[in-house]
Amino acid sequence: MLLNIHDMSQLADSRRLGTVLLFLLIELFFEGAETASQAEIDRHLEIGRDFLARGQLSDALTHYHAAVEGDPDNYLTYFKRGTVYFALGKAKFAINDFSRVLELKPDFMAARAQRGSVYLKMGDFENAEMDMMVVLRNDPHNPEVNVHFSRIGPARDQWVLCVDLMERGDFNTAVALLTQLLEVCPWAVEIREARAQMYLRLGDRMAAVSDFRSVNRLSHDSTDGYYQLSRILYDIGDSGAALKEIRECLKLDPEHKDCFPFYKKIKKVDKVYVDAQTAREEQRYADCIASGEKLIKLEPDVPMIVYNGKQLLCSCLLKDEQFTSSVSRCREALDIYADPEVMCDRAEALVGAEMYDEAIAQYREALDINDNLQRAKDGIEHAQRVQKQAERRDYYKILGVKRSATKQEIVKAYRKAAQKWHPDNFQGDEKKMAEKKFIDVAAAKEVLTDPEKRRQFDAGQDPLDPEAGRNGFGGGNPFHHFQHGSPFQFKFHFT
């Protein structure tokens with residue numbers, strides 16, 4: 001059907017009206033959406049302020065994030081979020097927000113002052129100086145900015161001096177000055193890493209680990225940071241902590257070229273170490289000893305891992321009453337690291353081996369390192385008490401014969417014991433113990449094969465005791481020259 005001109009004109013008017021109404025509806029919809037969005041933004045800002053007032057910075061940050069997303073061109077919202085980042089020590093994010101504020105409003109001096117403060121804490125002296133100079137041109141008497149600005153020059157000069165000291169090898173002075181500098185620039189990665197390196201040079205690995213942890217946080221948890229931390233922890237013998245750090249590296253990069261092979265090594269070593277500790281706790285000393293030996297073989301070139309193995313052997317051999325071997329392994333551990341607790345283990349083994357003077361000396365050495373170590377204090381009292389009880393040697397017990405033994409039986413027992421304890425058969429700490437045993441064996445033979453000395457001993461007196469000699473009993477000690485470390489080039493005939 002054909003429409004006439006009039007009908008067509010009405011249809012066009014109707015369509016134009018529909019279009020206008022549609023645009024009006026759309027405009028009303030967006031105006032409502034904008035109003036709702038602004039209300040939502042204001043709500044987030046209010047909640048953020050409440051959390052900030054209560055010191056709940058992370059919660060406040062969540063709501064400031066939402067406010068920024070709702071209005072990405074509002075410089076005040078960025079400023080508020082930047083101040084929270086600043087308070088949380090998140091320097092990089094604070095810088096980004098303050099920089100965005102200055103893009104939106106270049107004359108907002110509060111943001112420039114805050115950014116300058118962050119730059120100073122980061123050790124970025126040039127940018128800190130530029131920002132603060134702009135602020136001071138606009139507000140010359142700003143007290144806070146003046147204080148910060150006055151610190152820039154001395155801090156820059158001190159850093160130059162620290163670099164010079166490090167290059168010249170004056171590590172102690174460098175650490176002292178770097179520590180002062182970090183009070184002004186606590187977020188400076190380069191300065192903190194420099195102090196960590198100085199701590200390593202001085203042998204203070206735990207202090208270095210603490211600084212490297214800070215470096216990794218400031219660098220936003222990098223794979224290289226985790227790898228470096230793991231290596232240091234492993235080198236100081238803390239395989240468990242090293243394993244934890246290397247796993248963090250693998251979370252960021254599961255096939256990291258350094259972290260993955262190192263992870264496999266640490267995992268193997270740490271399992272052996274944990275197995276040994278578990279065996280010791282469960283009093284399975286044979287298993288503990290086997291694991292300790294295995295640990296030493298796994299990493300012979302890492303001194304503190306070797307130390308862990310030797311320390312376990314020292315402890316478990318002591319618990320297993322293998323005193324001679326324990327004394328030797330404890331000494332090997334102490335040659336790597338002078339730990340007062342290991343000294344106490346060695347002293348206990350020396351008491352078990354009846355070497356009381358040496359045990360007391362070892363306890364006292366532990367107290368020289370830690371004068372509050374109660375174990376060492378109690379150990380000295382115990383060793384002195386046991387020593388007093390053992391002062392009167394039982395010559396029959398030394399040779400393992402009955403009190404009714406004949407001279408022939410005594411000589412036979414002496415030959416066997418003398419061959420067993422001859423010092424030429426031993427080395428190191430075991431040699432010292434053998435020397436004492438050998439002296440006792442020789443003294444037992446001297447007394448028990450001499451009828452008069454044996455009679456005196458059976459009557460309750462030790463004829464070889466110098467004190468007994470002064471009380472009218474003869475003999476003296478024919479082995480007194482052994483007490484001061486004879487070279488023991490023995491050529492005895494066991495007759």
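**Close-up A. The Cys314–Cys330 disulfide ties helix H15 to helix H16.** In this predicted model, the sulfur atoms of Cys314 and Cys330 sit 1.9 Å apart and form a disulfide. The link is right-handed, with 80° about the S-S bond. Cys314 belongs to helix H15, while Cys330 comes from helix H16 (residues 323-336), so the bond brings together parts that are 16 residues apart in sequence. Both Cys314 and Cys330 are buried.

**Close-up B. Cys288 pairs with Cys316.** Here the S to S distance is 1.9 Å. The torsion about the S-S bond is about 70°, so this disulfide is right-handed. Cys288 lies in helix H14 (residues 285-298) and Cys316 in helix H15 (residues 303-319), with their positions 28 residues apart in a link of distant chain parts. Cys288 and Cys316 are both buried.

**Close-up C. Cys249 is joined to Cys259.** The two sulfurs of this disulfide are 2.0 Å apart. Cys249 is in helix H12 (residues 239-252) and Cys259 in helix H13 (residues 259-281), a link between distant parts of the chain, 10 residues apart. A torsion of about 90° about the S-S bond makes the disulfide of Cys249 and Cys259 right-handed. Cys249 counts as buried because its relative accessibility is 0%, and Cys259 counts as buried at 0% too.

**Close-up D. The pairing pattern, plus two further cysteines.** The structure has three disulfides in total. Number the bonded cysteines in sequence order and the pairing reads 1-2, 3-5, 4-6. Now for Cys162: with 0% relative accessibility, Cys162 counts as buried. Cys185 is buried as well, its relative accessible area being 0%.

Methods:
Residues are numbered from 1 along each chain as its sequence is written. This is a predicted model: local features need pLDDT of at least 70, side-chain atom pairs count only at pLDDT 80 or more; totals for chains, interfaces and linings use all residues. Side-chain values use heavy atoms; hydrogens and water are left out. A disulfide is a pair of cysteine sulfur atoms within 2.5 Å. Helices (H or I, at least four residues) and strands (E, at least two) are DSSP runs, numbered from the N terminus. Buried means under 20% relative accessible area, exposed over 50%, partly exposed in between (1.4 Å probe, protein chains only).
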